[in-house]
Amino acid sequence: MEVLTSNQNELINLHEQDDGSIAVSGRELHEFLEIGTRYDTWFGRMVDYGFVENEDYGAIAQKRATAQDNITTFTDHVMTIDMAKEISMIQRNEKGK
């Protein structure tokens, strides 16, 4: 996944996939929408709206350093623009609209 050139008018980063399609990071969308629940819990609920893995979204493992300088692995999801829009609209907040 690579980040497209950032546009000051973008609300969230767009990522170009190997096949040329544009996608959104689930974790970035979660943060942007200011969701109060943990990412993994929230994303699991969103998938229940009928989204299909490898069609609407895909899981990717990423590594990052913790506060103690340990490396931890976490899961992010790359979702289609259509899935991101639909999820945003059902959040019932201004940022989602």
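Glu34 counts as exposed, at 58% relative accessibility. I begin with this residue, and I should say at once that the model before you is predicted.

Glu34 forms a salt bridge with Lys95, and the closest N and O atoms of the pair are 3.1 Å apart. Glu34 is found in the loop between α1 (26-32) and α2 (39-47), while Lys95 belongs to the segment after α3 (81-89), so this contact ties together parts that are 61 residues apart in sequence. Lys95, for its part, counts as partly exposed, with 38% relative accessibility.

How many salt bridges does a search of the whole structure find? The search finds two. Besides the pair just described, the side chains of Arg38 and Asp40 meet in a salt bridge, at 2.6 Å from N to O. Of these partners, Arg38 is exposed, its relative accessible area being 59%. Asp40 has a relative accessible area of 42% and is partly exposed; the cut-off for exposed is over 50%, so Asp40 does not reach that class. In general terms, side chains of opposite charge can pair when their charged atoms come close.

I turn now to the strands. Strand β4, residues 57-65, pairs with strand β5, residues 71-80, in the antiparallel sense, and nine bridges join them. Within this pairing, which residue of β5 does Arg64 stand opposite? The residue is Thr72. The hairpin of β4 and β5 has five residues between the strands, and in this hairpin Asp69 takes a positive phi near 65°.

Note on methods:
Residues are numbered from 1 along each chain as its sequence is written. This is a predicted model: local features need pLDDT of at least 70, side-chain atom pairs count only at pLDDT 80 or more; totals for chains, interfaces and linings use all residues. Side-chain values use heavy atoms; hydrogens and water are left out. A salt bridge is a side-chain nitrogen of Lys or Arg within 4 Å of a carboxyl oxygen of Asp or Glu. Helices (H or I, at least four residues) and strands (E, at least two) are DSSP runs, numbered from the N terminus. Buried means under 20% relative accessible area, exposed over 50%, partly exposed in between (1.4 Å probe, protein chains only). Two strands pair if DSSP finds at least two bridges between them.
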